[in-house]
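Good morning. I will take a few minutes to walk through one structure, and you can follow along on the screen.

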Amino acid sequence: MTVPLPPTTPPTSTTSETSATPATSMTVILPPRSMAARRRRISGVVFRDLAALRRSPVRMFEIVFWPTIELFVWGFVTLFLQSQRVPFIAAFLLGAVLLWQVLQKASNEISIAFLEDIWSRNLLNVQVSPLSNVEYVIGLIVFSFGKVVFAIAIMSGLALALYGFGITSLGAGLVPFMALLLVMGWSLGLVGICAVLRFGENAQVIAWSLVFVVQPLAGIFYPVETLPGPLQAVAGLLPATHVFTGMRTVLNGGAVPWDSLAWAALLDAVYLAATLGLFAWALRHARVRGRLSRFGE
């Protein structure tokens, strides 16, 4: 006897259910070498450091604390000089303080961002991730740039409110002045990072203090002609020297020395390329010697 089978209903298609789901649930896989993938990895470095900064009020306070103290000290000096009828010296000092902070913080902030990976024992994790060395450095630079802009904006507002000095008095030279100092600061910061990679955590002092070696040579608070002859030759090879000389020229009523700034830009390009190559060598040396796994111990 044949038993009739019950009518069967067509099975629900899994594909149709998947297609009915919102498009936002789909995962987009980018080619690893595409610009979109590189931007996403660089943004990951920036947002990682930003998240750590937002959760640390002490770090946020430190961004503006020391620059503000230095501004107050030199600001009171300028008030004294103004009372002695030397107002042009006051403008020179305030302009020098603001531009010096661009150079100092550009150097220190990129070094600190790298050292925080060491202190948190995260450097090895970064190195085994898909992040390339260039993307890692670019992420550090972008994040340090944001911190520099934030600090300089606050200092400029204080200088204008307390001492009547506007950084816009530098005119058309303001942007190239700051850009040249930023690039030089990043180069110095990379040299400090290379010292840590090559010689270990005991070399952290180089990452902190290297920029201060440049301070007496760059003629920040005085003309380069004040230096002895041999040191003047060394100062001429520093992009910052041409920036601060140009700043004094502009504040004294002169034109922006574009030829001198072009020479400074060439020096910046050479130094940045050299320090990037030095960073690649130091990182490769640290990998071969097995130092990456020992950082932070």
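**A walk through the helices**

I start at one serine: leaving out residues up to four places away in sequence, Ser107 touches Gly185, Leu188, Gly189 and Val211. Ser107 is found in helix α4. Is Ser107 buried or exposed? Its relative accessibility is 0%, so Ser107 counts as buried. Please keep in mind that this is a predicted model.

Now the chain as a whole. How many helices and strands are there in the protein chain? There are eleven helices and zero strands. Read along the sequence, the pattern is therefore just α repeated, α-α-α-α-α-α-α-α-α-α-α, with each helix being a DSSP run numbered from the N terminus. The chain has 297 residues, and 44% of them count as buried. It exposes about 16,100 Å², and carbon and sulfur atoms supply 69% of that area. As for contacts, take those between residues at least 6 apart in sequence: 76% of them join residues at least 24 apart.

One example of a contact across the sequence is Leu251, whose place is in helix α10. Leu251 and Ala91 are 160 residues apart in sequence, and their C-alpha atoms are 7.3 Å apart in space. Which residues does Leu251 contact, leaving aside neighbours within four places in sequence? They are Ala91, Phe92, Phe165, Ser169 and Leu170. Leu251 has a relative accessible area of 21%, so it counts as partly exposed. The cut-off for buried is under 20%.

Next, the nonpolar core. In soluble globular proteins, nonpolar side chains tend to be buried together. The largest nonpolar core here has 66 residues, and the members that touch the most other members are Leu99, Phe114 and Leu197. Which elements give two or more residues to this core? They are α4, α5 (123-127), α6, α7 (174-199), α8 (204-214), α10 (239-251) and α11 (258-289). Take Phe114 from that group. Not counting residues up to four places away in sequence, Phe114 touches Leu123, Tyr136, Leu140, Ile193, Val196 and Leu197. Leu197 is thus on this list, and Leu197 was also named with Phe114 a moment ago.

Now the charged residues. Side chains of opposite charge can pair when their charged atoms come close. How many salt bridges does the count come to? The count comes to three.

One of them is between Glu135 and Arg41, with the closest N and O atoms 2.7 Å apart. This pair links distant parts of the chain, since Glu135 is in helix α6 (residues 133-163) and Arg41 is in helix α2 (residues 35-54), 94 residues apart. Glu135 has a relative accessible area of 2%, so it is buried.

Helix α2 deserves a brief look while we are there. It has 20 residues and reaches 28 Å from its first C-alpha to its last, close to the 28 Å expected at 1.5 Å a residue. Its buried residues are Ala37, Ile42, Val45, Val46, Asp49 and Leu53.

Back to the salt bridges. Lys105 forms one with Glu109, the closest N and O atoms being 3.1 Å apart. Lys105 and Glu109 both lie in helix α4 (residues 87-119), four residues apart, which is about one turn of the helix. Lys105 counts as buried because its relative accessibility is 7%. Glu109 also has a relative accessibility of 7%, so Glu109 counts as buried.

Glu109 has another partner: it forms a salt bridge with Lys147, where the closest N and O atoms are 2.6 Å apart. Here the pair links distant parts of the chain, with Glu109 in helix α4 and Lys147 in helix α6, 38 residues apart. Lys147 is buried, as is Glu109. Lys105, Glu109 and Lys147 are therefore linked in a network of salt bridges, a salt bridge being a side-chain nitrogen of Lys or Arg within 4 Å of a carboxyl oxygen of Asp or Glu.

Last, the surface. Which residues make the nonpolar surface patch of about 280 Å²? Phe65, Ile69, Val73 and Val77 make it. Val73 sits in helix α3 (residues 57-83). With 47% relative accessibility, Val73 counts as partly exposed, because exposed requires over 50%.

Methods: Residues are numbered from 1 along each chain as its sequence is written. This is a predicted model: local features need pLDDT of at least 70, side-chain atom pairs count only at pLDDT 80 or more; totals for chains, interfaces and linings use all residues. Side-chain values use heavy atoms; hydrogens and water are left out. Patches are made of residues with over 30% relative accessible area and no salt bridge: like charges are joined within 9 Å, nonpolar side chains (Val, Leu, Ile, Met, Phe, Trp, Tyr) within 5 Å. Accessible areas come from the Shrake-Rupley method with a 1.4 Å probe; for residues, only the protein chains shown count as cover. Buried means under 20% relative accessible area, exposed over 50%, partly exposed in between (1.4 Å probe, protein chains only). A nonpolar core is a set of buried Ala, Val, Leu, Ile, Met, Phe, Trp, Tyr and Cys residues joined through side-chain atoms within 4.5 Å. Contact means heavy atoms within 4.5 Å. The expected span of a helix is 1.5 Å times one less than its number of residues.
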